Amino acid sequence: MEQIQILIKPASSACDLRCRYCFYRDEASHRKEGNLGKMEPQVMEAIIEKGLSCAQNVVFAFQGGEPTLAGLEFFRTFAKTVEEKRKNGQKVSYTIQTNGYGIDDEWISFFRKNRFLVGVSLDGVRKTHDENRLSSDGSGTFEKVFENIKKMQKQQVDMNVLCVLNRQTAEKIEAIYRFFMRKGLYYQQYIPCLDPLDRERGKENYSLPPKLYADALKRLFDLWFEDKRAGNLVYIRQFDNYLHVLRGGTPEACTMYGKCSMQNVVEADGSVYPCDFYALDTYRMGNIKETDFAALQEQASREEEGTFFENPARRDDRCPSCRWYPLCRGGCKRDCEEQAGTVRNYYCEVYTEFFEYAIGRLEWLAENRYM
């Protein structure tokens, strides 16, 4: 294959924060073994060797839990091993999603030297961030995380911020966007919060109700559009993906593919799962020590009954006749629920309302080649 992205969890579900809405802690609690420990060298080597053997372009992406808890020496060894094993002309890149809490000067130097794209979870301003992103002793983490962000900016580390859209951040979306722009955080992601598995949607203190999500998307879009039109440097993943699709491109966000695809999630013990949101015992596809990524891709392509990939394009039953499907593509499987024999996306009306509100300006930006 031409390219592969491998999502690696070197510290499993371990984390030094206690975020109220953590989806992976919730997932781990539904597995027989929630925390699979720190990744052993033989698992690391299997990932590297099998990743490099199957694609010309390889993206090693690290998530958690908190991936930095695997230790800086793990990452140094990983990068060194890649350099020793990759072929001439083979392109390798690294990304990491971190809470930013334990980053120090050594980590920052490593990220810069190895050209990591660092995503830092930052839920906006101090008040909205500290509402849900807590340390192990229950205190807020904004001050320390933001100080580390400033250090990375000073050292010119490639970086973006990821803000979880929950009840608290959605209500303050204008203040959050303006804060990011003032602080030079021009590359932004806004991800709707997931409610816990097996619980009714919208009942948690942090839950994101559809109406609030729709309002936040529209207010955020207004701000982004004006900055785009003024020629200001700003990238919001969701909106910029829509522009890319309108120009005939393929979106890079998996929620816009129109079907579930193999995400190559490798847990600390080598277990492989199809998706970060479905790293559950039911969907375990094997162990990378005993298989390879090409075989896993072939397994996913069979779309066998009873597996994660059975009917991978099934979303809201209204999708085939929806005007907005070519842009929306049905969203994420985790947002879809069966109701009286039909499938409904919890946020379907949100996206309908948003596209009706924004399509004219999206098309204008796409036609005028605004990036």
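## Overall architecture

The chain holds 13 helices and 12 strands. The model is predicted. Its C-alpha trace spans about 50 × 50 × 45 Å along the principal axes. For 371 residues, a compact globule would have a radius of gyration near 21 Å, and the 20 Å of this chain agrees with that.

Burial and contacts fill in the picture. Of the 371 residues, 52% count as buried. Take the contacts between residues at least 6 apart in sequence: 71% of them join residues at least 24 apart.

## The ten-stranded sheet

Ten strands make an open sheet. Their order is β7-β6-β5-β4-β3-β2-β1-β8-β9-β10, and the pairing is mixed. β7 (235-236) and β10 (286-287) are the edge strands, each paired on one side only. Strands of a sheet pair through backbone hydrogen bonds, either parallel or antiparallel.

Two neighbouring pairings involve β3. Strand β2 (residues 57-62) runs parallel to β3 (residues 91-98), and six bridges join them. Here valine 58 has valine 92 in β3 as its bridge partner. β3 also pairs with β4 in the parallel sense, over five bridges. In that pairing, tyrosine 94 stands opposite phenylalanine 116 of β4.

How enclosed is β4 by the rest of the structure? Five of its six residues are buried, so β4 is largely enclosed.

## Backbone exceptions

Most residues other than glycine have a negative phi, and most peptide bonds are trans. Several sites in this model depart from that pattern.

One is a cis peptide bond between glycine 64 and glycine 65, with omega about 10 degrees. Glycine 65 sits in the loop between β2 and α3 (72-85).

Arginine 115 has a positive phi of about 55 degrees, although it is not a glycine. It lies in the loop between α4 (105-113) and β4 (116-121). Is arginine 115 buried or exposed? Its relative accessible area is 72%, over the 50% cut-off, so arginine 115 is exposed.

Arginine 329 also has a positive phi, near 60 degrees. This residue is in the loop between α12 (325-328) and β11.

## The β11-β12 hairpin

β11 and β12 form a hairpin with two residues between them. The two strands run antiparallel, and four bridges join them. β11 covers residues 336-339, and β12 covers residues 342-345. Across the pair, glutamate 338 stands opposite valine 343 in β12. The turn holds another positive phi: alanine 340, at about 50 degrees.

## The second largest pocket

The hairpin leads on to a pocket. β11 gives three residues to the lining of the second largest pocket, the largest share. This pocket has a volume of about 660 Å³.

Which residues lie nearest its centre? They are Tyr278, Lys333, Cys336, Glu337 and Glu338, out of 24 lining residues. Glu338 is also the residue that stands opposite valine 343 in the hairpin. By class, the lining divides into nine nonpolar, four polar and 11 charged residues.

## Two loop residues compared

Serine 207 lies in the loop between β6 (187-192) and α9 (210-229). Is serine 207 buried or exposed? Its relative accessible area is 0%, so serine 207 is buried. Setting aside neighbours within four places in sequence, serine 207 is in contact with Asn166, Arg167, Asp195 and Gly202. Its C-alpha is 8.4 Å from that of tyrosine 21, a residue 186 positions away in sequence.

Glutamate 252 occupies the loop between α10 (237-246) and β8 (265-266). Its relative accessibility is 39%, so glutamate 252 counts as partly exposed. With neighbours within four places again left aside, glutamate 252 is in contact with Tyr235, Arg237, Asn241 and Tyr257. The C-alpha atoms of glutamate 252 and arginine 237 are separated by 9.0 Å, and the two residues are 15 apart along the chain. Tyr235, another of these contacts, belongs to the edge strand β7 (235-236).

Note on methods
Residues are numbered from 1 along each chain as its sequence is written. This is a predicted model: local features need pLDDT of at least 70, side-chain atom pairs count only at pLDDT 80 or more; totals for chains, interfaces and linings use all residues. Side-chain values use heavy atoms; hydrogens and water are left out. On a 1 Å grid over the protein atoms alone, a cavity is a set of points where a 1.4 Å probe fits but cannot get out, and a pocket is an open set with protein on both sides within 12 Å along at least five of seven lines; lining residues have an atom within 4 Å of a point. Grid points are joined across faces, edges and corners, and a volume is the space filled by probe spheres set on the points. Ala, Val, Leu, Ile, Met, Phe, Trp, Tyr, Cys and Pro count as nonpolar, Asp, Glu, Lys and Arg as charged, and the others, Gly among them, as polar. Two strands pair if DSSP finds at least two bridges between them. The radius of gyration is taken over C-alpha atoms; the globule rule is 2.2 Å times the number of residues to the power 0.38. Buried means under 20% relative accessible area, exposed over 50%, partly exposed in between (1.4 Å probe, protein chains only). Contact means heavy atoms within 4.5 Å.
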